[in-house]
Amino acid sequence: MNSHDFAKYLESTNGITKPWLLVQLRLAKLQEQRAEMTPEEYEETLADIHQDLMNLGEWWVGREHEVFGQGL
């Protein structure tokens, strides 16, 4: 799934409110743009995405069913 299709999916499923899915969207866009970037730009952008993911922390602890659904 390309980033455009993934973004449409997020919008249609209210995934736009789920920060971990937005990280996945950023990764999809980065993958698509990788050939146009220098290795340094790619690494810097990837590090930025990684930091944003780490900043999410464990905000979901205690809310697993609410956040991730009944599949747990």
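The exercises below, each with a worked solution, deal with a predicted model.

**Exercise 1. The aromatic pair**

Task: Determine how the rings of F6 and Y9 are arranged, and state where the two residues sit in helix α1.

Solution: Begin with the search of the whole structure, which finds one aromatic pair. The ring centres of F6 and Y9 are 6.4 Å apart and their planes meet at 15 degrees, so this pair is stacked. The reasoning rests on two cut-offs, because rings pair if their centres lie within 6.5 Å, and planes under 30 degrees apart count as stacked. Next, place the residues: F6 and Y9 are three residues apart in helix α1, which spans residues 3-12, and so about one helical turn separates them. Finally, consider their surroundings, where F6 counts as buried because its relative accessibility is 13%, while Y9, with a relative accessible area of 43%, is partly exposed.

**Exercise 2. The two sides of helix α1**

Task: Which residues of α1 are buried, and what do they pack against?

Solution: The first step is to list the buried residues of α1, which are S3, F6 and L10. These residues cover an arc of only 60 degrees around the axis, and therefore they lie on the same side of α1. The second step is to look at the other side of α1, where H4, E11 and S12 are exposed. The third step is to find the partner of the buried residues, which pack against α2, the helix of residues 19-33. To complete the picture, examine the two ends: at the start of α1, a side-chain oxygen of N2 comes to within 3.0 Å of the backbone nitrogen of H4, and after α1 comes N14, which has a positive phi near 60 degrees.

**Exercise 3. Salt bridges between helices**

Task: Identify the partners of R26 in salt bridges, and state which helices these pairs link.

Solution: As background, side chains of opposite charge can pair when their charged atoms come close. Across the whole structure, a search finds three salt bridges. In one of them R26 pairs with D48, with the closest N and O atoms 2.8 Å apart. This pair links distant parts of the chain, since R26 belongs to helix α2 and D48 to helix α3 (residues 39-55), 22 residues apart. In another, R26 pairs with D52, and here the closest N and O atoms are 2.4 Å apart. Again distant parts of the chain are linked, with R26 in helix α2 and D52 in helix α3, 26 residues apart. The remaining step concerns exposure: R26 is partly exposed at 29%, as are D48 at 40% and D52 at 31%. A further salt bridge joins E66 and R63, whose closest N and O atoms are 3.2 Å apart. Shared partners join R26, D48 and D52 into one network.

**Exercise 4. The surroundings of L27**

Task: Is L27 buried, partly exposed or exposed, and which residues does L27 contact beyond its neighbours within four places in sequence?

Solution: Start by locating L27, which is found in helix α2. Its relative accessible area is 35%, and because the range for partly exposed runs between 20% and 50%, L27 is partly exposed. Then set aside the neighbours within four places in sequence, after which L27 is in contact with L46 and I49. Lastly, compare positions along the chain with positions in space: L27 and T45 are 18 residues apart along the chain, and their C-alpha atoms are separated by 9.3 Å.

Key. Residues are numbered from 1 along each chain as its sequence is written. This is a predicted model: local features need pLDDT of at least 70, side-chain atom pairs count only at pLDDT 80 or more; totals for chains, interfaces and linings use all residues. Side-chain values use heavy atoms; hydrogens and water are left out. Rings of Phe, Tyr and Trp (its six-membered ring) pair if their centres lie within 6.5 Å; planes under 30 degrees apart count as stacked, over 60 as edge-to-face and the rest as tilted. Helices (H or I, at least four residues) and strands (E, at least two) are DSSP runs, numbered from the N terminus. Buried means under 20% relative accessible area, exposed over 50%, partly exposed in between (1.4 Å probe, protein chains only). The arc is that of the directions from the helix axis to the C-beta atoms. Contact means heavy atoms within 4.5 Å. A polar contact is a pair of N or O atoms within 3.5 Å; within protein, one must be able to donate a hydrogen and the other to accept it, and residues adjacent in sequence count only if both atoms are side-chain atoms. A salt bridge is a side-chain nitrogen of Lys or Arg within 4 Å of a carboxyl oxygen of Asp or Glu.
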